[in-house]
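Got your viewer open? Let's take a walk through this model, one selection at a time.

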Amino acid sequence: MTLRTGRHFLQIPGPTNVPEQVLRAMSAPVVDHRGPEFADLTHRLLPALAEVFGTSGPVVVFPASGTGAWEAALVNTLSPGDRVLCFETGHFATLWRTMAEQLGLRVEFVPGDWRRGADPGAAAERLAADTGHAIKAVCVVHNETSTGVTSRVPEIRAALDAADHPALLLVDTISSLGSIDYRHDAWGVDVTVAGSQKGLMLPPGLGFNAVSAGALAASSAARLPRSYWDWGPVIEANAAGFFPYTPATNLLYGLEEALRMLAEEGLPQVFARHARHAAATRAAVRGWGLEVLCADEREHSGSLTAVLLPEGHDADKVREIVLDRFDMSLGTGLGRLAGKVFRIGHLGHFNDLTLAGTLAGVRMGLELAGVPVRRQGLDEALDVLAGCPRTG
Ligand code: PLP
């Protein structure tokens with residue numbers, strides 16, 4: 001076994017590094033989840049959680065990965081045979097579409113090239129053509145973690161409004177919540193899907209649905225089978241501070257601390273920090289002479305950057321070298337991007353020198369893998385971080 005010293009660099013786009021304070025909060029003794037101490041925690045936690053979603057409505061917390069929260073969003077709002085409009089933005093959008101089909105929904109999948117976000121123009125066209133309102137929901141992955149592209153959700157909302165279309169808007173924010181500007185109420189989203197292991201700086205294990213009044217109303221008519229995922233019993237039990245089943249108590253302790261940290265920094269500052277780190281990463285990639293996968297300047301992700309390698313170079317070879325030599329994990333290429341891209345996660349508990357170290361490791365890995373790079377890329381990123389553009 002190789003001897004490792006120092007801290008492993010976990011630079012995949014989630015799960016992300018968990019801050020010491022959060023780890024300590026989770027190490028508290030387990031409490032009675034039907035006792036008064038736990039009820040107090042729930043009453044403190046849920047309003048603080050709603051702030052991060054930008055909602056005054058309920059946020060349902062499941063002991064689940066993000067995939068469970070996807071399913072909860074669909075089964076609570078839709079009925080067998082309902083039509084849903086989805087966009088092929090990448091691997092995760094494709095998985096969500098497959099789930100919808102497996103649940104008995106009829107999906108219209110707007111094709112995409114995995115380099116751009118959901119196309120508001122295509123949404124507008126399809127919604128305007130659907131004069132009979134057969135489409136019951138529009139599903140968008142806000143930040144496509146496989147590509148590093150952030151869809152313009154307000155423009156999708158505008159397309160619904162322009163067509164005066166009643167379809168629900170369901171948005172996956174699994175890799176954007178707490179990292180990239182997002183507003184459930186202000187953007188008119190009906191269900192926001194999220195998970196604990198990315199911008200919220202927790203280990204995997206919690207899934208979330210923020211729910212609008214319209215989505216709640218739809219849930220009383222929705223007929224897809226649901227039991228564990230049913231919002232109703234959770235919302236009802238939450239009012240008294242409890243859950244209908246055993247909640248992930250210690251993850252909730254961690255969540256309270258993570259929410260405190262986000263509130264202390266302030267969400268606008270959190271988003272600005274992520275955007276700055278993303279800009280520095282792009283400066284490095286372009287300075288090296290490589291291509292950022294995201295093809296639209298308006299849609300660069302604040303939480304990760306996918307780096308496209310030149311033809312004939314294997315992105316997984318670079319990742320393997322970086323792990324082996326520098327003890328750093330980078331994200332692999334998913335689905336049709338396997339071997340073509342690697343992904344740099346720059347989200348969550350993260351600072352300037354974490355990024356500088358990450359980019360130094362990437363540069364060394366690229367050189368060792370024989371990928372031709374210009375050396376100034378790293379300096380260009382450092383200049384962005386230092387806030388002093390180069391003079392010569
Ligand atoms: N959606 C997005 C955008 C994701 O990034 C992920 C996981 O990385 C998922 C859905 C699936 O979440 P999970 O792996 O927690 O089930």
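Start by selecting Q197 and the ligand together: a polar side-chain atom of Q197 lies 2.8 Å from an oxygen atom of the ligand. Keep in mind that you're looking at a predicted model. How much of the ligand does the protein bury? Taken alone, the ligand exposes 390 Å², and the protein buries 86% of that.

Now add T67 to your selection. An N or O atom in its side chain is 2.5 Å from an oxygen atom of the ligand. Next, pick D172, where a side-chain N or O atom is 2.6 Å from a nitrogen atom of the ligand.

Time to show everything around the ligand. Select S65, G66, T67, W70, F92, V141, N143, T145, D172, I174, Q197 and K198. Try colouring this shell by residue type: you should get four nonpolar, six polar and two charged residues. Which helix gives the largest share of the shell? That's helix α3, residues 66-77, with three residues. If you switch on a pocket display, look for the ligand in the second largest pocket.

Next stop: a sheet. Select residues 291-292 for β11, 304-308 for β12 and 341-345 for β14. These three strands form an open sheet in the order β11-β12-β14, with antiparallel pairing. Why is one side of β11 and of β14 left without a neighbour in the sheet? Both stand at the edges and each has a single partner strand, so there's nothing next to the other side in the sheet.

Zoom in on β12 and β14, which pair over five bridges in the antiparallel sense. To see one of these partnerships, click T305: its bridge partner in β14 is I344. In general, strands of a sheet pair through backbone hydrogen bonds, so try showing the backbone here.

Two backbone oddities finish the tour. Most peptide bonds are trans, and most residues other than glycine have a negative phi. Go to G14 and P15, though, and the peptide bond between them is cis, with omega near -5°. You'll find P15 in the loop between β1 (9-11) and α1 (20-26).

Finally, select W114 in the loop between β4 (106-110) and α5 (120-129). Is its phi positive or negative? Phi of W114 is positive, near 65°, and this residue isn't a glycine.

How values were computed: Residues are numbered from 1 along each chain as its sequence is written. This is a predicted model: local features need pLDDT of at least 70, side-chain atom pairs count only at pLDDT 80 or more; totals for chains, interfaces and linings use all residues. Side-chain values use heavy atoms; hydrogens and water are left out. A residue is near a molecule or strand if one of its heavy atoms lies within 4 Å of it. A polar contact is a pair of N or O atoms within 3.5 Å; within protein, one must be able to donate a hydrogen and the other to accept it, and residues adjacent in sequence count only if both atoms are side-chain atoms. Accessible areas come from the Shrake-Rupley method with a 1.4 Å probe; for residues, only the protein chains shown count as cover. On a 1 Å grid over the protein atoms alone, a cavity is a set of points where a 1.4 Å probe fits but cannot get out, and a pocket is an open set with protein on both sides within 12 Å along at least five of seven lines; lining residues have an atom within 4 Å of a point. A molecule sits in a cavity or pocket if more than half of its atoms lie within 2 Å of its grid points. Helices (H or I, at least four residues) and strands (E, at least two) are DSSP runs, numbered from the N terminus. Ala, Val, Leu, Ile, Met, Phe, Trp, Tyr, Cys and Pro count as nonpolar, Asp, Glu, Lys and Arg as charged, and the others, Gly among them, as polar. Two strands pair if DSSP finds at least two bridges between them.
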